[in-house]
Amino acid sequence: MADGAARTRGLQPLTRLLALLIVAPSLGGLPLPDLTVLTLLLLAGYRHSSPAALPRLWFGIGRLRWLLLSILVLYLGFTPGEPLTVWTPGFSHEGLLEGSRRVLVLLSLVTAVYWLMATTPVPQLVGAFDQLLRPLRMCRVPTERFTRRLALTLAALDGVEARYRALRADGQGGLALASAWIAGLEQQPPDDDATAVGCAVPARSEWLLLLLLLLAVLTWPR
């Protein structure tokens, strides 16, 4: 993660987090061509900023392969419209397009989240969440407990995925893989260093960038 973070120091962690929170809710309303371009841009940006972290992204997408296939099949078979061919009357052209669009929504969101995690060290990411939730403290909401648990969870992700890939490389699979993986999780000690660090407040130029991004999301043709 450190290499990717070093390449993207220009933006504060809170700016990156807010950019994700601005873009993510709008993905479901984008048309298929726009989503295709956005997904390709996210993948290109991820590869440019964090080439060493690409296996982690493929791991995350691979864990979702059956979900992605299920989404495509459900839309393909249950969306009324023009049949794809005369031999497949239950599969519609509209279903293929809508299923592909929904798959790209999930792929672009997963890529954006993994990109954020790959370019922002865990303490800085947790610090950004702490900045985001800070106004809730005025209402006496105990946000410290949430940020602490978030830090421990994020810090454990790298170890969890690395352990899984190591077990697969050793030839384990099925129940043996699952039991060994769970046993490793139970024996993994908590990371006491996974705490939030203070992050600088975004500069005015970054707030302006977020405002422009918000305006682009609100005015983008659907």
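Let's start at helix H10, where Arg-204, Ser-205, Leu-218 and Thr-219 are exposed on one side (over 50% relative accessible area with a 1.4 Å probe, protein chains only; buried means under 20%, partly exposed in between). This is a predicted model, in which local features need pLDDT of at least 70 and side-chain atom pairs count only at pLDDT 80 or more, while totals for chains, interfaces and linings use all residues. Residues are numbered from 1 along each chain as its sequence is written, and side-chain values use heavy atoms, leaving out hydrogens and water.

Now turn H10 around: Glu-206, Leu-210 and Val-217 are buried. Seen down the helix axis, the buried residues of H10 fall within an arc of 45°, so they line one face (the arc is taken from the directions from the axis to the C-beta atoms). They pack against helix H2 (13–23).

Next, look at H3 (residues 32–49) and H4 (residues 54–63), which pack at an angle of about 140° with their axes 10 Å apart. Axes here are lines fitted to C-alpha atoms over the stretch in contact, and angles run from 0 to 180 degrees between N-to-C directions. Leu-43, Tyr-46 and Arg-47 of H3 meet Leu-54, Leu-57 and Trp-58 of H4, with contact meaning heavy atoms within 4.5 Å.

Tyr-46 and Leu-57 turn up again among the residues with the most contacts inside the largest nonpolar core, which has 17 residues. Such a core is a set of buried Ala, Val, Leu, Ile, Met, Phe, Trp, Tyr and Cys residues joined through side-chain atoms within 4.5 Å. H6 gives the most to this core, with 7 residues.

Definitions and conventions:
Helices (H or I, at least four residues) and strands (E, at least two) are DSSP runs, numbered from the N terminus.
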